[in-house]
Amino acid sequence: MTQNQEETPNIKPEQHVFHPGTDSFRYKVRKNQKHMPEIFEILHKWKPQSEVWMFKYGPFLLGVASSLSASYINWHFRETLYLLNYSRFSSYAVMFLAPGVSAGALHYIFVTSKILEEKKVCSTCLQMRAMTFQTASSLLYPLVLVPIICYPVAKRLQNYSVPNISYANKWPVMQFTREMLKPIRGPLWFITASQAILALAMTFYQQFQYTSVVKQGIDKVKTRYSPTHPRLDIESKSIDQTNESDC
């Protein structure tokens, strides 16, 4: 048995071709996430940046959109309960940071990283996942946090008749919250639709831009790794043989 056969005993011939979706490409960008910094370096240095800006600013923009929605819900509760300036900074700080960070982090961990790692997840599944996380962070998360923050303040000020927040008193609290949300049903539906569409568009363009970047920058990745790993040397030879056969 030759030395090359000993180094790569389980590599199939059809897996030698270096392109997205093959075992050889996933070996470099997915296995133990060891080479993710290399991919981010390529995205960071890519010119023009307009071709990869979805990866650089996408999660941040989703986080800002989620924070704005949460701040609107917080504003409505504060105005309805006549809280004036009491706990204004703390409530807005929490409602701006918590949903924004959660939306950006969830999209990066469960959507963007899956695209960069070439995970075997269908495009529609990733888009639905992004829509679910964005809607939950922008609407459901604030609807849970805002009553927890605002109701105790209103109870202490006695400006509005607010039920006590407790597990035994959960149904009156839910009914009261439902009444509080009736005046903004229209804006809430608009927030839900806009956040879902934004997450869908962001994920779609991330997938599109990643495919374009990989096709154009794949030689850079191959050149970076081929001198140090025998498996990539074999892949490079197989690519050259394939190109000669095509000619």
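**Exercise 1. In which helix is the place of Y57? Then work out which surface patch Y57 helps to make.**

Before you start: this is a predicted model, where local features need pLDDT of at least 70, side-chain atom pairs count only at pLDDT 80 or more, and totals for chains, interfaces and linings use all residues. Residues are numbered from 1 along each chain as its sequence is written, and side-chain values use heavy atoms, with hydrogens and water left out.

Step 1. Find Y57 in helix α4, residues 53-80. Helices here are DSSP runs (H or I, at least four residues), numbered from the N terminus.

Step 2. Check its cover. Y57 counts as partly exposed because its relative accessibility is 44%. The cut-offs are under 20% relative accessible area for buried, over 50% for exposed, and partly exposed in between (1.4 Å probe, protein chains only).

Step 3. Add the partners: W53, Y57, F60 and L61 make a nonpolar surface patch of about 410 Å². Such a patch takes residues with over 30% relative accessible area and no salt bridge, joining nonpolar side chains (Val, Leu, Ile, Met, Phe, Trp, Tyr) within 5 Å, and like charges within 9 Å. The areas come from the Shrake-Rupley method with a 1.4 Å probe; for residues, only the protein chains shown count as cover.

**Exercise 2. Which residues of α7 are buried, and which exposed residues does the face turned away from them carry?**

Step 1. Pick out the buried set in α7: V173, F176, T177, M180 and L181.

Step 2. Look down the axis. These residues cover an arc of only 135°, so they sit on the same side of α7. The arc is taken from the directions from the helix axis to the C-beta atoms.

Step 3. Turn the helix over: the face away from the buried side has W171 and R178, both exposed.

Step 4. Recall the general rule. An α-helix has 3.6 residues a turn, so residues three or four places apart point the same way.

**Exercise 3. Which residue forms a salt bridge with E179?**

Step 1. Apply the rule: a side-chain nitrogen of Lys or Arg within 4 Å of a carboxyl oxygen of Asp or Glu. The count comes to one salt bridge.

Step 2. Name the partner. K182 pairs with E179, and their closest N and O atoms are 3.2 Å apart.

Step 3. Check both ends. K182 is partly exposed because its relative accessibility is 39%, and E179 is partly exposed with a relative accessible area of 39%.

Terms used. Helix = DSSP H or I, 4+ residues; strand = E, 2+ residues; numbered from the N terminus.
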